[in-house]
Amino acid sequence: MRASPFPLTAIGFVLLSFAGVAAAAAPAGYFGDPGCLVAPVEPAPQFERFKWNGPCKDGYAEGKGVLEWLPKGWNTYRLEAVFQRGQVAGIGTLVSERGKYTGPLRNGQPHGEGRFEQADDTVYAGGFVDGK
């Protein structure tokens, strides 16, 4: 029987190299379990204080779910939305101590035409840019 020209160690090295490339492919700033990453949100979670309750696919939050996080010096934020590859896809509902926003979001903040109901029952419906 003839010996293989490629030793098993070389094959193992090649496989590990490809695995490292796949793991390093996650976009910068994503957080969470390596098997279920979520896109960056603002204000950012403090000390990994966040929870994703929803499905995961191909290493990212995927589908309808709820993301809760605790930024430094703030009360909990709760975002209910549909996620695709870890990012909000379309309309979501964001609840914080300031009130409740329903509309499109970017980085976990209101962005686009939406409705914000403040804690004092004041309502604003209109355009938002980066949470303002």
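Aspartate 121 sits in the loop between strand S11 (112-118) and strand S12 (123-128), and its phi is positive, at about 75°, although aspartate 121 is not a glycine. The structure described here is a predicted model. The points below take up this residue together with a second residue of positive phi, a cis peptide bond and the side chain that reaches towards it, and the largest nonpolar core.

**Residues with positive phi**

- Aspartate 121 has a relative accessible area of 68%, and because exposed means over 50%, this residue counts as exposed.
- Arginine 85, which is not a glycine either, has a positive phi of about 50°, and its place is in the loop between strand S7 (77-84) and strand S8 (87-96).
- The relative accessibility of arginine 85 is 47%, a value that lies between the 20% and 50% limits, so this residue is classed as partly exposed.

**The cis peptide bond and glutamine 109**

- Glutamate 42 and proline 43 are joined by a cis peptide bond, for which omega is about -10°, and proline 43 belongs to the loop between strand S2 (36-38) and strand S3 (45-53).
- Glutamine 109, whose place is in strand S10 (residues 109-110), extends its side chain to the backbone oxygen of glutamate 42, with a distance of 2.2 Å.
- When residues up to four places away in sequence are not counted, glutamine 109 touches both partners of the cis bond, Glu42 and Pro43, and in addition Tyr77, Pro104, Asp130 and Gly131.
- With a relative accessible area of 15%, glutamine 109 is buried, because the limit for that class is under 20%.

**The largest nonpolar core**

- In soluble globular proteins, nonpolar side chains tend to be buried together.
- The largest nonpolar core in this model has 17 residues, and those with the most contacts inside it are Leu67, Trp69, Leu79, Phe83 and Leu94.
- Two or more residues of this core come from each of the elements S2, strand S6 (63-71), S7 and strand S9 (99-106), and S7 gives the most, with 4 residues.
- Leucine 67, one of the residues with the most contacts inside the core, is in contact with Phe31, Val38, Val41, Lys51, Trp52, Tyr77, Arg78, Leu79 and Phe83, leaving aside its neighbours within four places in sequence.
- Tyr77 is listed among the contacts of leucine 67 and is also touched by glutamine 109, while Leu79 and Phe83, which leucine 67 contacts as well, are themselves named among the residues with the most contacts inside the core.

Key
Residues are numbered from 1 along each chain as its sequence is written. This is a predicted model: local features need pLDDT of at least 70, side-chain atom pairs count only at pLDDT 80 or more; totals for chains, interfaces and linings use all residues. Side-chain values use heavy atoms; hydrogens and water are left out. Buried means under 20% relative accessible area, exposed over 50%, partly exposed in between (1.4 Å probe, protein chains only). A polar contact is a pair of N or O atoms within 3.5 Å; within protein, one must be able to donate a hydrogen and the other to accept it, and residues adjacent in sequence count only if both atoms are side-chain atoms. Contact means heavy atoms within 4.5 Å. A nonpolar core is a set of buried Ala, Val, Leu, Ile, Met, Phe, Trp, Tyr and Cys residues joined through side-chain atoms within 4.5 Å.
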